[in-house]
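Reader: Please take one part of this model and go through it closely. Keep the sentences short, and give me the cut-offs behind each term. Then place that part in its wider setting.

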Amino acid sequence: MRRLILFLILFCGAVPYATSAMAQDADTQMANGILAFRETRYQDAVTAFELVLELDSDNSEAHFLLARVFFETPLKDNKRAEKEVNAALEIEPENVKYLVASMQQNREEAWSFFRKRAREIKRRELAFKILKLDSTNAFAHHELGKSYIRDFWRYRNALVFPSLIFARDENLRRTTISPIDNLVQRQADNIVAQNPALADLLPENDDFALQMAGFLDPNSIMMSDRFDVDALRAQGVNIQDLSGRADKAYKKAIGHLHAAIDFDPRQREVYTDLMQIFALKAEYVEALDMLQQMYVFFPEEVELWTYLGLAHYNTGNMQAAAKVFETAFKYMDEDESYAYFQLKDILPEEEKSLYEEDEIAYAARFWTSKDPRYLTPYNERKLEHYARLTYTDLLYGVPELHIRGWNTERGRILVRYGVPVGDVVLIPRSTSGVGQATNAIQGMQGDPTATTSRALQIAIQGSGWDLLEEANTLNIWDYGDFKFVFEDPFRNGEYRLFSPSASDIADGMLPWANDYTIKARETFRKIPEKYEYRAPGRQIDLPFLVVSFKNFTSDLTDVYVNYGIPVNEFDPGQDLLNVTANAGTFVVGENRDMLVERRNTIYGLKTNQVVHFEESSLWINTQALRIPAGHQEVSVEFETVGGGTVAVQRRNVEIKDFSGDNLALSDVMLAYRIDETDDGRPVLPSDIVRDNLSIMPAPWSVFSRAQPIYLYFEVYNLTLKADGIADYEVEAVLKPMAQGSKVGKFVRGLFGGGDEGVSVTLLIQVASENDGQYLILDATTEDPGLYTLILRVKDLVSGKKTESEQDLFLE
């Protein structure tokens, strides 16, 4: 008996000792595992943590650390990581650290669309739970911010078509309205009473019962282009706008993302998420404030500088945008910088081979030709290109698939044409679950109320499916003259141009009107890129005319660019208007080379150069150039110092070639005054001197009836008679611009009802093959309106003829 008691005493004394030893062993293994993890001996860490669990299966920290090993290291095993973190949460369900780990694991890419949506829901639930336990948790705020960004994306430009589903369900389609229709609204009220959350999904107009009960035939609605939203509205289709939800989602996203930065400013991804939503809302001033904080923690991140470039560009600070983009290029790797510099996606097809011969030289010429304001030290079109690339990568990249935004179909199109004027997402209600709806209605044929109820449920709830899932959504980009339609068939965020399937065509969709893979190629061919410059400050019109004459000392052509600057009322007694401005005239050749640059600063506008018209006054000036003949682009620019007033006009012109031997006529220079000058000096500094004539040129084809119309022209290659004299005839005709039908003009001609006008005919003799002359037309008896000015020249020696024609307006 004593021996038994002694044994029991010894045994009972050994139990606490064994427990203590096991605890010490577990602590030792835990320390070993943590050390191995830090030293990247990950397999040793796994062994250590598993030994801990053998000794203590309720050690939540060991489960958590195993989850980290299998989630963060080369031993990555998502299923095992999920199992371990769930085990840790079973032991400590309110441990914030473990909840955050589970939330991060659920961010892993899911190749199934449904799995992806399930993970989104799971992450949102975890984030709410974490914030209940710790309201300062930056990870949870970030997750909810991202979640509400996704909602904002879904709703910001989403339109729902409640009638589209009815066309696909033969059991619901009707073309006439029966007495059942008065039950529809009551059924809707009953459904909403059972589920108030559905109230804001119902259309907000008085025609709801008619819309829901009518079940219109889609072929009568859709016409040929099934993506013409305006036409659908015009046909009475009830389109629901979800922008109200987007505003709510935006406010929540901003709140949570700002909280995430406030509680942990080193979360790099939060800055990108904030930049995304600021870009979507075009709130770039707010973006600049946020980027100041990003600069403190991530000063060498490429994205910091590209985001700054995007924000500065969209707030109008072009100089800052140019500077920060240049900084961004210093931090870019080779592939990324090439994406910003290459031009293949925006060049006309016929120029790509020239570009490939010398990319750097051709790019320089291309950007020179596209610069909308040569007076500024930066190229606004190039900055727009950089901003588009940044915007595209920010919003349309697919990080899960490692696809940059500019490599997606939407991205490439945005780089070509910019942000679309209209950006709409079409969400057909209940595009899934139609089969279930059809089956559910079987057996209901004798119960019209039940059928109506089911129709409402399909329209509102999507047959039990979330109405706003991205399934079968379409994205329409409208640029005014053309548009593109995209689809996301794999629900992975990589939209592609829509092309009708065989079933779509079988259902009556016209492929030629709805195949946007074909239509996009045609658009690319006709319009390789699009850009419309909007100058800052007060914009004014700047009329100008370009006239060309033969240069007798070179192969170049004498060209005069005559322009007018609008001026406000002023004291006629003033000699000078107190204005300091920069002006420039630029010519870009057919191969995109800059042929001429003329810049000058104007210190005051002399009032004797001002010509008055009914609605405005113009300060007249001219720029003389010598350039090659051919198709050229002329740009005239004017800006007051400080940029308060800006004028930019650009035009393609044909510079005449006078190198031949045939009878030729120069351009006709319209003028407000022509004086003879013996010493070759101009009467005013802005006058043009040709053939001892001082000419005040007109910058536009507008004249008052009270003032004479001066015409200056030159004739080349006249035939000389034996005595060295050339004889030629000049006729100038100013007649009302031809209007009306050809038959009407013919009848008026037969019965004496022809157009009246002003004409002058002169016989001229000159002892030269070339001559310069001017005419004066008196239009005081003519009515205001549009006129055609025709100048005809006939060489009386050779019999050859030539003529010129242009439009003119009398006020």
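Author: Axes here are lines fitted to C-alpha atoms, for helices over the stretch in contact, and angles run from 0 to 180 degrees between N-to-C directions. Helices (H or I, at least four residues) and strands (E, at least two) are DSSP runs, numbered from the N terminus. The model is predicted, with local features needing pLDDT of at least 70 and side-chain atom pairs counting only at pLDDT 80 or more, while totals for chains, interfaces and linings use all residues. Residues are numbered from 1 along each chain as its sequence is written, and side-chain values use heavy atoms, with hydrogens and water left out.

The part I pick is the pairing of helix α18 (residues 334-341) with helix α21 (residues 380-396). Their axes come within 9 Å. The crossing angle is roughly 130 degrees. That makes α18 and α21 oblique to each other. The angle classes are these: under 35 degrees is roughly parallel, over 145 roughly antiparallel, 65 to 115 roughly perpendicular, and the rest oblique.

Which residues meet? From α18 come Ala-339, Tyr-340 and Phe-341. From α21 come His-385, Tyr-386, Leu-389 and Thr-390. Contact means heavy atoms within 4.5 Å. By class, the contact of α18 with α21 has five nonpolar residues, two polar and no charged. Nonpolar covers Ala, Val, Leu, Ile, Met, Phe, Trp, Tyr, Cys and Pro; charged covers Asp, Glu, Lys and Arg; the others, Gly among them, are polar.

Take Thr-390 next. It is found in α21. Its relative accessible area is 2%, and it is buried. Buried means under 20% relative accessible area, exposed means over 50%, and partly exposed is in between (1.4 Å probe, protein chains only). Leaving out residues up to four places away in sequence, Thr-390 touches Thr-306, Tyr-307, Leu-310, Phe-325 and Tyr-340. Tyr-340 is also one of the α18 residues in the helix contact. The C-alpha atoms of Thr-390 and Gly-405 are separated by 8.5 Å, with their positions 15 residues apart along the chain.

Asn-407 follows α21, in the loop before α22 (409-417). Its relative accessible area is 41%, which puts it in the partly exposed class. Its C-alpha is 9.3 Å from that of Ala-339, 68 residues away along the chain. Ala-339 belongs to the α18 side of the contact.

Now the wider setting. The chain has 28 helices and 26 strands. Of its 811 residues, 50% are buried. Among contacts with a separation of 6 or more, 67% join residues 24 or more positions apart.

For helix geometry, look at α2 (residues 42-55). This helix has 14 residues and reaches 20 Å from first C-alpha to last, close to the expected 20 Å. The expected span is 1.5 Å times one less than the number of residues. Its buried residues are Ala-45, Val-46, Ala-48, Phe-49, Val-52 and Leu-53. They cover an arc of only 165 degrees around the axis, which puts them on the same side of α2. The arc is taken from the directions from the helix axis to the C-beta atoms. An α-helix has 3.6 residues a turn, so residues three or four places apart point the same way.

Ala-26 connects α2 with helix α1 (residues 2-38), where Ala-26 lies. It is buried, at 7% relative accessible area. Setting aside residues up to four places away, Ala-26 touches Val-52 and Leu-55. The C-alpha atoms of Ala-26 and Leu-53 are 8.1 Å apart, 27 residues along the chain.

Helix α3 (residues 60-72) has 13 residues; its end C-alpha atoms are 18 Å apart, in agreement with the 18 Å expected. Ten of the 13 are buried, so α3 is largely enclosed by the rest of the structure. Among them are His-63, Phe-64, Phe-70 and Phe-71.

A charged case sits in helix α7 (residues 138-155), which holds Arg-150. Arg-150 is buried, at 18%. Beyond its neighbours within four places in sequence, it contacts Glu-120, Arg-123 and Glu-143.

Last, backbone angles. Most residues other than glycine have a negative phi. Asn-692 has a positive phi of about 60 degrees. It is found in the loop between β18 (688-690) and β19 (693-697), and is partly exposed at 45%. Asn-717 has a phi near 65 degrees, again positive. This residue is in the loop between β21 (709-716) and β22 (726-736), and is buried at 16%.
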